Amino acid sequence: MAATQKTRLALEGGQPSLSSPLPPMYPGGLRIDEEEEQAVLEVLRSRRLFRYYGPSPGPSKVAALEKAYSEYAGVRHCVAVTSGTAALICALVGLGIGPGDEVIVPAYTWMATASAVVAVGAVPILAEVDASLTLDPGALRRKISPYTRAVIPVHMRGAPCRMREILAVAREHGLKVLEDAAQANGASFGQAKVGSMGDAGAFSLQFNKIITSGEGGLVTTNDDSVEERILMYKDVVGGQRNNLPPERILMGVNYRMPELLGAVALVQLRRLDRLLGDMRYRKQTLKSNIAPALDRRGGQFRTINDAEGDAAVALIFYLPEAASAQRVAAALEAEGVGAMVLYSPENVDYHVYAHWAPIMNRRTWSEAASPWKNHGRDITYSIDTCPRTLDLLSRAVHIDVSPDLTNTQVEEMTEAIHKVMRLAL
Ligand SMILES: *Cc1c(COP(=O)(O)O)cnc(C)c1O
């Protein structure tokens, strides 16, 4: 009886392959322990909750985080802000992007990438991703117009973009490059850390990301003048605080990171390399375990542009058809392996452009300030804007690779995938 239950899909009444629930995908979040507690207590006990002053002088946690991160990423400057979206907005402002400009973004990314472009008054232009699920350099080239000023390659689901080609196209056309590394903290391409290759990089420390302070963001740049502009923008008095002459100071708002977040993020940064190692080991094991079975079914792993640089947060494979991908994901889900297909028309998911209702419908807070209304040419979006992206995503089965998977869980996941590949296609 055990044998028949093991060869029947859980979806059809068999015994699920997973004997315990898998850990939720909060890699850094689940490793919060006494060190984060201690760091937060230090800040509370000092009563210095604000970066620039408090009753006790002492060093700033946020300043220490910026210094540690710029060393980690190998960049000249890092500026801490309140979210990944804030990091993108500050970076765009730092790069001088604004009304009248077009910024090319991939059709597969968290909608915040496109929202940040609109927030600075520019128009997002959607471009196809390739089988790596990151921006296709050929598509980038085809989307360039006389209005294009910048491109935002997004290192999606932990994996680096084809940076060499993207940088070459950008250089050829005088475009600024802003790397959105919100989902790929610590990843690299050809030894260079993400966020260190373009004109600027943006990271998120939101709870779902690799390392976290609940909310938070970081901007990286090697360009002194970009950093100076960001310092002025992320703080109403940033210009004065950084001793810039009044005639140079540009208007700023407030995206300053609080000390309590800086304290947590600084501890989390020390955990990053261990987290990456744990995810990489588990992903590699799963991949080699299931490669022959996937191959027999005509499936293919997502292309990884630099296997060593992959942050390895996710295992993604394509099946020949959307319908089989849906069946496999549903069957895996029943086995206890959290699996999803990356695009389904009926499941609203703000990672896929087709579901970005406010962008697709060009809805902004003020008609007069609509970047589309004031633009030099008419830009509209439809479900047909990036068909290749939708085709890839609709055939892509996604499985989280938690750094906390036990050996038993990795074995049971392997067993589940084998069973499903045998029976559910
Ligand atoms: C999470 C995310 C953001 C936004 O970060 P927040 O901290 O949530 O504002 C931007 N881009 C990508 C690709 C993301 O995954």
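A salt bridge here is a side-chain nitrogen of Lys or Arg within 4 Å of a carboxyl oxygen of Asp or Glu. By that rule, Glu 35 pairs with Arg 271, their closest N and O atoms being 3.9 Å apart. Glu 35 belongs to helix 2 (residues 34-46) and Arg 271 to helix 10 (residues 259-296), so the pair ties together parts that are 236 residues apart in sequence. Helices are DSSP runs of H or I with at least four residues, numbered from the N terminus. The structure holds 23 salt bridges.

A word on the model: it is predicted, with local features needing pLDDT of at least 70 and side-chain atom pairs counting only at pLDDT 80 or more, while totals for chains, interfaces and linings use all residues. Residues are numbered from 1 along each chain as its sequence is written, and side-chain values use heavy atoms, leaving out hydrogens and water.

Now to the ligand. It is surrounded by 15 residues, each with a heavy atom within 4 Å of it. Among the closest are Asp 180 and Ser 204. By class, this shell has 5 nonpolar, 8 polar (Gly counts here) and 2 charged (Asp, Glu, Lys or Arg) residues. Helix 4 gives the largest share of the shell, 3 residues.

Three polar contacts (N or O atoms within 3.5 Å) reach oxygen atoms of the ligand:

| Residue | Polar atom in | Distance to a ligand oxygen atom |
|---|---|---|
| Gly 84 | backbone | 2.7 Å |
| Thr 85 | side chain | 2.5 Å |
| Lys 209 | side chain | 2.6 Å |

Taken alone, the ligand exposes 380 Å², and the protein buries 93% of that (Shrake-Rupley method, 1.4 Å probe).

Terms used. A polar contact is a pair of N or O atoms within 3.5 Å; within protein, one must be able to donate a hydrogen and the other to accept it, and residues adjacent in sequence count only if both atoms are side-chain atoms. Helices (H or I, at least four residues) and strands (E, at least two) are DSSP runs, numbered from the N terminus.
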